[in-house]
Amino acid sequence: MSEEKWWQRNNFKWIIAHRGGSSIAPENTLEAFRTASRSVTVLEVDIQISIDNVLFVMHDFRLEGTTNGRGEGRNYTIDQLKQLDSGYSYTNDGLNFPHRDKGFKIPTFDEFLDEFANQEHLTFIIDVKTPTAAIPTLVKLQEIERQIPSLHNRIMLCAVGPETNQILLANKPDHYPLFPDFTSVLKFVILSRLRLANWLYNHKHEVFGSIYAINFQQFRTQTRGSPSIKLKIASWLVNKLIGEVVVTPNLVNDAKQKGIPFFVFGAELDQPNAIEYCLNSGVDGILSDDPLIAANTYNTWAQQQTIPGLSATVTNIIQLLTNNQ
């Protein structure tokens with residue numbers, strides 16, 4: 001029997017600030033990560049690379065999504081990106097933009113690591129957005145890990161794009177677990193619904209991540225426009241097989257039977273009902289745009305459960321959340 005890995009040892013749930021918590025502050029800004037780190041212990045951060053080969057923190061390929069810039073971020077130098085306002089597009093109601101001209105900037109990956117990597121209570125999901133950023137990201141992570149050895153057990157990798165994912169899979173160290181790309185996820189979901197996953201799906205990734213519900217809009221930034229025909233067909237088939245909601249107890253169980261932790265993301269996961277459904281389905285990690293709501297929902301849920309071997313870590317997290325309310 002193979003030795004248990006660090007990402008398999010947790011007997012509590014991972015509550016993750018998706019993009020730093022894009023519902024509570026401008027996404028992927030240092031301010032968002034600071035706010036989130038007071039409520040949860042896992043930060044998800046998106047990485048791209050500029051035209052002058054500097055890693056920077058941003059989810060969308062196009063600048064219009066979150067800033068006052070235009071075009072794709074990869075076509076700008078880091079100095080040009082630093083001139084943009086990362087609080088420009090943030091709004092809770094579509095009418096007011098309270099963070100415009102308040103000094104929110106696009107962080108470099110170095111700036112993110114300088115501030116958060118040495119905080120040993122934090123774990124990181126590093127989502128690499130483009131193939132050209134894959135190797136530089138691995139080089140940077142291993143460089144900083146030599147300076148901060150505790151990072152050895154605090155880094156997970158993600159790449160939704162198949163090409164980027166393959167680069168990471170072929171070059172990453174063994175102690176960085178990697179989430180599958182979206183085509184692998186769709187394949188696993190389809191096979192699981194047909195009750196064939198345990199026979200026909202070959203797990204190449206150490207952790208599993210699924211979208212909560214199918215929504216074509218969520219794939220637009222991955223495909224730089226409309227989803228591909230292949231993706232449309234596969235997603236349509238998933239919809240026909242299981243309906244809108246992707247995550248089910250059977251799907252979660254199919255992954256966990258192989259010792260693979262199951263994570264879920266999606267816009268719905270800032271709603272307590274959706275979060276509770278996922279927890280009751282057995283998921284191990286929830287990526288939420290509102291980590292405070294997710295953490296509080298988990299806190300309430302955990303106190304209602306009889307969890308064998310509830311660790312001191314969970315108790316500490318619950319106390320941390322209570323103190324920050």
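Reader: Let's start with the rings: how many aromatic pairs does the structure hold?

Author: Happy to begin there, and please keep in mind that this is a predicted model. One of the pairs is formed by Trp6 and Trp7, whose ring centres are 5.6 Å apart. Counted over the structure, the aromatic pairs come to 14.

Reader: Are the rings of Trp6 and Trp7 stacked or edge-to-face?

Author: Planes under 30 degrees apart would count as stacked, and planes over 60 degrees apart count as edge-to-face. For Trp6 and Trp7 the angle between the planes is 85 degrees. The pair is therefore edge-to-face.

Reader: Is Trp7 buried or exposed?

Author: The cut-off for buried is under 20% relative accessible area. Its partner Trp6 has 11% and is buried. Trp7 has a relative accessible area of 5%, so the term for Trp7 is buried.

Reader: Which parts of the chain does the pair of Phe179 and Phe263 link?

Author: This pair is edge-to-face too, with 5.1 Å from centre to centre and 85 degrees between the planes. Both Phe179 and Phe263 are buried. The two residues are 84 apart in the chain, and the parts they link are the loop between α5 and α6, which holds Phe179, and strand β7, which holds Phe263.

Reader: Which residues do ring pairs link into a cluster with Trp14?

Author: You have already met the other members in the two pairs above. Trp14 is also one of the residues in a core of 14 residues, along with Ile16, Cys158 and Val160, among others. In the ring cluster, the residues linked with Trp14 are Trp6, Trp7, Phe179 and Phe263.

Reader: How far is the C-alpha atom of Val160 from that of Pro180?

Author: Val160 lies in the loop between β5 and α5. At a relative accessible area of 16%, Val160 is buried. Pro180 is 20 residues away along the chain, and the two C-alpha atoms are separated by 7.0 Å.

Reader: Which residues touch the most other members of the largest nonpolar core?

Author: In soluble globular proteins, nonpolar side chains tend to be buried together. Here the largest nonpolar core has 65 residues. One of its best-connected members, Phe262, touches Phe208, Val247, Leu251 and Val283, among others, not counting residues up to four places away in sequence. The residues that touch the most other members are Leu43, Phe112, Ile126, Phe262, Val264 and Ile286.

Reader: In β8, what is the bridge partner of Val264?

Author: Strand β7 covers residues 262–265, and it runs parallel to strand β6, with 4 bridges joining the two. Across that pairing, Ile211 stands opposite Phe265. β7 also pairs with β8 in the parallel sense, over 3 bridges. There, the partner of Val264 is Ile286.

Reader: Which helix belongs to the right-handed β-α-β unit with β7 and β8?

Author: The chain offers 13 helices and 8 strands. Strand β8 spans residues 285–288. The helix in the unit with β7 and β8 covers residues 272–281, and its name is α11.

Reader: Which helices does the salt bridge between Glu115 and Arg34 link?

Author: Side chains of opposite charge can pair when their charged atoms come close. In this bridge the closest N and O atoms are 2.6 Å apart. Glu115 is partly exposed at 26% relative accessible area, and Arg34 is partly exposed at 31%. The residues are 81 apart along the chain, and the helices they link are α3 and α1.

Reader: Why are Glu143 and Lys140 separated by about one helical turn?

Author: Their side chains meet in a salt bridge, at 3.2 Å from N to O. Glu143 is partly exposed at 33%, while Lys140 counts as buried at 15%. They are about one helical turn apart because both sit in helix α4 at a spacing of 3 residues.

Reader: Which residue joins Asp127 and Lys129 in a salt-bridge network?

Author: By the rule used here, the salt bridges number 12. Lys129 and Asp127 form one of them, with the closest N and O atoms 3.4 Å apart, and both residues are buried. Through shared partners, the network also takes in Asp46.

Notes: Residues numbered from 1 in each chain as written. Predicted model: local features only at pLDDT ≥ 70, side-chain atom pairs only at ≥ 80, totals over all residues. Heavy atoms only, no water. Core = buried A, V, L, I, M, F, W, Y, C linked by side-chain atoms within 4.5 Å. Buried < 20%, exposed > 50% of the residue type's maximum accessible area, 1.4 Å probe, protein only. Contact = heavy atoms within 4.5 Å. Salt bridge = Lys/Arg side-chain N within 4 Å of Asp/Glu carboxyl O. Pairing = 2+ DSSP bridges. Right-handed = clockwise from strand over helix to strand, strands pointing away. Phe/Tyr/Trp six-rings, centres within 6.5 Å; stacked < 30°, edge-to-face > 60°.
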